[in-house]
Amino acid sequence: MNLAEPINQSWQARLTLGFERRDAATVLTRREHCGPLRVQKALYPEGEAVCHAIVLHPPSGIAGGDQLEIGVNVGPGAHALLTTPGAGKWYRSAGAWAGQRLDYDVAANATLEWLPQENIVFDGARADMQSRFRLASGARCIAWDVLCLGRRAGGERFERGEVNLATRIERDGKPVWLERGGFCGGSELLDSPAGLAGFSVSGTLLATGPNLDTGLLTACRQIASAETEARIGITLLPDLLVARYLGHASEAARGWFAALWQVLRPAVIGRHAQTPRIWNT
């Protein structure tokens, strides 16, 4: 190696998963990885019909220049629930962008649940997060994300850096939800009533599938947040329920989304919610 050449210390990681329905079971049939992204094993805490998978990122933090790609294919009639063991941490960057790409294909009458723990974006980070969900006819999906700007518990605000966000949901090739946004550290938008209104934690839950009606909307709106100062809202759109959270406590945000999931899952997916054990560790 030429010692005069710069050393590339960034991680380029890719994880590809495939789930198939075999008789009454959902089976993890494809598991390929490159770099530090893993799923160690398929889990069946609620029986063979639902396959749980915990997405591991061993470095535990994402630094400038790191690029993570996760691709998931859920075959016809299969049911996959994916989560993470802990918060994602986006570290301060000297200038390079870090990125995460989530690409999910959910076949006819299949179900995907993407229920990760929060993303914590450190002051000075440059983070680009993109999610795309391609749903076929009859597919069901519940997904959420929680974003923490700065480490409030340590007195850190998001004064420098940038965050770009993009989420796209399609059904049979037609857009159901398109959203793009971004935050610059220290910008007026962070404190503006039209932006984050001074809150450091924001989150979105998206649910699409059958039985999205005004009765379900009313039941969800009766669920309060444990954080009394938080601002919450739920909207019913064609083929989509959207829940929003603004506050300062990521634990409260996840708790509110989990409570909504307890109501939404039986209605949309037809199964009672069973909390993944990893959330309690």
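Biologist: Quick one to start: does glutamate 156 count as buried or exposed?

Modeller: Bear in mind that this is a predicted model, where local features need pLDDT of at least 70, side-chain atom pairs count only at pLDDT 80 or more, and totals for chains, interfaces and linings use all residues. Residues are numbered from 1 along each chain as its sequence is written, while side-chain values use heavy atoms, with hydrogens and water left out. Buried means under 20% relative accessible area, exposed over 50%, and partly exposed in between (1.4 Å probe, protein chains only). Glutamate 156 has 18% relative accessibility, so it counts as buried.

Biologist: Which side chain does glutamate 156 meet in a salt bridge?

Modeller: A salt bridge here is a side-chain nitrogen of Lys or Arg within 4 Å of a carboxyl oxygen of Asp or Glu. For glutamate 156 the N to O distance is 2.7 Å. The partner, at 38% relative accessibility, counts as partly exposed, and it is arginine 151.

Biologist: Which ring face does arginine 151 lie over?

Modeller: A charge sits over a ring if NZ of Lys or CZ of Arg is within 6 Å of the ring centre and within 35 degrees of the ring normal. Arginine 151 is 3.9 Å from the centre of the ring in question, which belongs to phenylalanine 122.

Biologist: How many residues apart are glutamate 170 and arginine 132?

Modeller: Their side chains meet in a salt bridge, 2.4 Å from N to O. Glutamate 170 sits in strand β13 (residues 162-171) and arginine 132 in strand β11 (residues 126-135), so to place them we need the naming: helices (H or I, at least four residues) and strands (E, at least two) are DSSP runs, numbered from the N terminus. Glutamate 170 counts as buried at 8% relative accessibility, whereas arginine 132 is partly exposed at 30%. The pair links distant parts of the chain, and the separation is 38 residues.

Biologist: What does arginine 171 form a salt bridge with?

Modeller: The closest N and O atoms of this pair are 2.6 Å apart. Arginine 171 is in strand β13, and its partner is 68 residues away in the loop between β16 (231-237) and β17 (240-247). Arginine 171 is buried at 14% relative accessible area, while the partner is partly exposed at 28%. That partner is aspartate 239.

Biologist: How many aromatic pairs does a search of the whole structure find?

Modeller: Rings of Phe, Tyr and Trp (its six-membered ring) pair if their centres lie within 6.5 Å; planes under 30 degrees apart count as stacked, over 60 as edge-to-face and the rest as tilted. Ring pairs also link Trp144, Tyr245, Trp256, Phe257, Trp261 and Trp279 into a cluster. The number of pairs found is eight.

Biologist: What plane angle do the rings of tyrosine 104 and tryptophan 114 make?

Modeller: Tyrosine 104 counts as buried at 0% relative accessibility, and tryptophan 114 also counts as buried at 7%. Their ring centres are 5.7 Å apart, and the pair is tilted because the planes stand at 55°.

Biologist: Which strands stand at the edges of the seven-strand sheet?

Modeller: Two strands pair if DSSP finds at least two bridges between them. This open sheet runs in the order β2-β1-β5-β8-β11-β13-β14, with mixed pairing. Each edge strand has a single partner, so one side of it is left without a neighbour in the sheet; the two are β2 (25-34) and β14 (174-184).

Biologist: How many bridges join β13 to β14?

Modeller: One of the residues involved is alanine 166, whose bridge partner in β14 is arginine 180. The two strands run antiparallel, and the bridges joining them number 10.
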